[in-house]
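User: I am new to this structure. Please take a close look at its salt bridges and walk me through them.

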Amino acid sequence: MQCPALPDGFDFTDPDLLQSRVPLPEFAELRRAEPVRWIPQPGNVAGFQDGGYWAVTRHADVKYVSTHPEIFSSSLNTAIIRFNEHIQRDAIDAQRLILLNMDPPEHTRVRGIVQRVFTPRAIRALEQRLRDRALAIVETARTLPGDSFDFVTQVACELPLQAIAELIGIPQDDRAKIFDWSNKMISYDDPEYAITEEVGQESAMELIAYAMNMAADRKQCPAQDIVTRLVSAEDEGSLNSDEFGFFVLMLAVAGNETTRNAITHGMHAFLTHPDQWERYKAERPSTAAEEIVRWATPVNAFQRTATQDTELGGKQIRKGDRVGIFYAAANHDPEVFENPDVFDITRDPNPHLGFGGGGPHYCLGKSLAVLEIDLIFNAIADAMPNLRPAGDPRRLRSAWINGVKELQVTLG
């Protein structure tokens, strides 16, 4: 098998690279020639003094790593594939308290409690309120003064924030705080925000403290809401205040940042594929949300760490090696998707990995995210059917989030 031609020093987690583009051509080259490849990293550039990681790019291999937590741990080095070179090891280890960075059996216990938030009944109970909110968000954007507006801040970010607030009882007036804290937690790689890792950590602690205060209030004065069910139902198992705090922190990123970016990328895809927008407006296919998530793949990559020597894609993985699972690469695998580089809102089946590769860390909030995407694009198609681009998207500088900071649009 011929080795893929990548420039010396090429790193799929380089935040400068991801600020400019998702490296789909390089992913394709690796899938073809070396689907599991060692990517060296000099010094401590990612916060890990281990020399690099294995890049996994095929759909089947990403699924295999995701569904074998006994071999590939989320806890040992967390799921975040790149921090910055200044982070201390104790700061990395502290993140093991987040569900995303747990392994079974602790992960199984905590997930079993928090999945009460995402039952079909709980999501159905939210649907009409979220539909009304989606319509109100779009109506507000439609009446903004000026020739154009930022789709990210005026539309894409609002419904995910309001949904989280509805779901766990955060006052809607506080959603701006959640937005600000979550932005600071993931934006430390972007110099435009002038946010250091320390500021990100401070924001995380503020969010956790906010949630812990909610938990303490409900323990003292139980209410008929989901927070009370999570922290007070001791006969069924409950979260302590710390666990609830870290759960809300995870929601702020996993439920806010990812869905917001899926909606933004989805709108940009429609704007640059007008035939698909016309089809969507005419047919409103139920398959559209899943294709938007495949196309967007808001989380470019997570990582796992090998708990033992093993083999993957013909390569010998050593115990302790970090393994990067690249969802964007998997979601463009031609062995799985016909014409993967085509945006097709009627694609069916669509076994994308935008919500994870299966296994214990498959996205808890998938049904809520799909609902939000469906509702917001139905509202846009009804109230702003002639939306047009008013500039190129400005991408977030990040090592693992496929994010957009700004997307200027006009009503046309």
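Analyst: Keep in mind that this is a predicted model. It holds 26 salt bridges. Here are some of them, one by one.

Start with Arg397 and Asp16. Their side chains form a salt bridge, with N and O 2.7 Å apart. Where do the two residues sit? Arg397 lies in the loop between β10 (394-395) and β11 (404-406). Asp16 belongs to helix α1 (residues 15-20). The two are 381 residues apart in sequence, so this pair ties together distant parts of the sequence. Is each partner buried or exposed? Arg397 is buried, at 18% relative accessible area; the cut-off for buried is under 20%. Asp16 is partly exposed, at 43%.

Next, a pair within one helix. Glu106 and Arg109 meet through their side chains in a salt bridge of 2.9 Å, N to O. Both residues are in helix α5 (residues 106-114). They are three residues apart there, so about one helical turn separates them. Glu106 is partly exposed, with 36% relative accessibility. Arg109 is partly exposed too, with 34%.

Helix α6 (residues 120-142) holds another such pair, Glu139 and Arg142. Their closest N and O atoms are 2.9 Å apart, and they form a salt bridge. The spacing is again three residues, or about one helical turn. Glu139 counts as partly exposed at 35%. Arg142 has a relative accessible area of 36% and is partly exposed.

Why can such pairs form at all? Side chains of opposite charge can pair when their charged atoms come close.

Salt bridges can also join up. Glu34, Arg37 and Lys315 are linked in a network of them. Arg37 brings us to the strands, for strand β1 spans residues 36-40.

What does β1 pair with? Strand β1 pairs with β2 in the antiparallel sense, over five bridges. One of the matched pairs is Val36 with Val56 in β2. Strand β2 (residues 52-56) is mostly covered, with five of its five residues buried.

Strand β2 also has a partner in strand β8 (residues 322-326). These two run parallel and are joined by three bridges. Val56 turns up again here, standing opposite Ile325 in β8. Val56 is therefore a shared point: its bridge partner is Val36, and it stands opposite Ile325, in a strand whose five residues are buried.

To recap the salt bridges: Arg397 and Asp16 tie together parts 381 residues apart in sequence. Glu106 and Arg109 sit within helix α5, and Glu139 and Arg142 within helix α6. Glu34, Arg37 and Lys315 make up a network.

Key:
Residues are numbered from 1 along each chain as its sequence is written. This is a predicted model: local features need pLDDT of at least 70, side-chain atom pairs count only at pLDDT 80 or more; totals for chains, interfaces and linings use all residues. Side-chain values use heavy atoms; hydrogens and water are left out. A salt bridge is a side-chain nitrogen of Lys or Arg within 4 Å of a carboxyl oxygen of Asp or Glu. Helices (H or I, at least four residues) and strands (E, at least two) are DSSP runs, numbered from the N terminus. Buried means under 20% relative accessible area, exposed over 50%, partly exposed in between (1.4 Å probe, protein chains only). Two strands pair if DSSP finds at least two bridges between them.
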